[in-house]
Amino acid sequence: MGDWPYDPASISARWIVGQDGKRRLQLRLDLGILQMEPVGRPDGQQPHGAISLLDHYESLEQTSGREPTSFRLDAAACGELQQEAAQYYYRYIALYALHDLDGVMADTAHNLGILELVTRRVDDDELVWQFLQFFPYIRMMNARARAEKATAVQNFEEAITALEEGIGDIRMFWRENGDEEDEEQSREIELLADLLGDIRNSKPRTEIDRLQDELTRAIAAENYEKAAMLRDAITALGKK
């Protein structure tokens with residue numbers, strides 16, 4: 001490990017090829033190197049013969065029915081799901097460091113799925129909160145990856161939508177599970193909002209953007225005749 005020192009100020013990850021010729025992902029931690037499989041469960045296991053524990057329980061839901069009484073998850077099952085979520089967390093932060101945005105989206109979607117499963121199938125509110133408390137961060141990483149992938153191909157509208165949806169979901173989460181202070185101080189909302197501002201500023205301005213600016217100025221000047229003309233022009237361009 002001497003050739004790969006630990007840096008507490010950054011996330012250090014790399015791809016390696018094992019002796020079997022297969023590619024694997026490594027993450028440098030303070031206590032050593034964590035090695036993960038790039039697909040499926042990061043530890044390569046197949047619990048109950050399924051791709052993941054989440055996949056196993058979702059399959060069980062389909063066969064037993066989605067009614068709340070069909071089956072419940074106990075503390076032991078939740079402990080196993082927490083371990084699985086931690087594995088996916090380590091992998092998606094490593095993938096983000098390597099700019100593998102598709103992998104980040106897949107792994108954050110997996111962990112969001114675990115949160116949804118627990119919400120449906122666990123009776124203990126305190127146990128549920130042990131999972132739900134991480135929703136803002138996971139949702140932020142998911143929206144961030146989606147937006148950055150869209151921006152890379154100059155699909156600015158898709159990026160803006162991804163960020164706006166992420167911000168909206170996190171705001172709703174805090175309104176349902178926290179208070180106004182939690183929402184106002186949310187680092188996740190702040191990060192997504194800053195990225196949203198950067199993307200909007202870098203987005204090439206269109207003729208509709210220019211007309212909308214003129215419309216705002218016309219309304220401010222109470223020039224309603226011009227404002228009506230500008231609205232008609234914007235509507236006509238929008239139909240093209």
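**Helix 9 and the three-stranded sheet**

In this predicted model, Asp-209, Leu-211, Glu-214, Leu-215 and Ala-218 are the buried residues of helix 9.

Trainee: Which helix is included in what covers the buried residues of helix 9?

Mentor: The buried positions include Leu-211 and Leu-215. In an α-helix, residues three or four places apart point the same way, because there are 3.6 residues a turn. The cover over the buried residues of helix 9 includes residues 224-238, which form helix 10.

Trainee: How many Å does helix 9 reach from its first C-alpha to its last?

Mentor: Helix 9 spans residues 207-220 and has 14 residues. At 1.5 Å a residue, 20 Å is expected, and the reach is close to that value. From first C-alpha to last, helix 9 reaches 20 Å.

Trainee: Which residue takes a positive phi just after helix 9?

Mentor: Helix 9 covers residues 207-220. Just after this helix, a positive phi of about 60 degrees is taken by Glu-222.

Trainee: Which strands stand at the edges of the sheet?

Mentor: The sheet is open, with 3 antiparallel strands in the order 1-2-3. A strand at the edge has a single partner strand, so one of its sides is left without a neighbour in the sheet. The edge positions belong to strand 1 (12-17) and strand 3 (32-36).

Trainee: Which residue in strand 2 stands opposite Ser-12?

Mentor: Strand 1 and strand 2 (residues 23-29) run antiparallel and are joined by 6 bridges. Opposite Ser-12, in strand 2, stands Arg-28.

Trainee: Which helix packs on the sheet?

Mentor: The helix in question touches strand 1, strand 2 and strand 3. Its direction makes about 95 degrees with that of strand 2. Formed by residues 75-97, it is helix 2.

Notes: Residues are numbered from 1 along each chain as its sequence is written. This is a predicted model: local features need pLDDT of at least 70, side-chain atom pairs count only at pLDDT 80 or more; totals for chains, interfaces and linings use all residues. Side-chain values use heavy atoms; hydrogens and water are left out. Helices (H or I, at least four residues) and strands (E, at least two) are DSSP runs, numbered from the N terminus. The expected span of a helix is 1.5 Å times one less than its number of residues. Buried means under 20% relative accessible area, exposed over 50%, partly exposed in between (1.4 Å probe, protein chains only). Contact means heavy atoms within 4.5 Å. Two strands pair if DSSP finds at least two bridges between them. Axes are lines fitted to C-alpha atoms, for helices over the stretch in contact, and angles run from 0 to 180 degrees between N-to-C directions.
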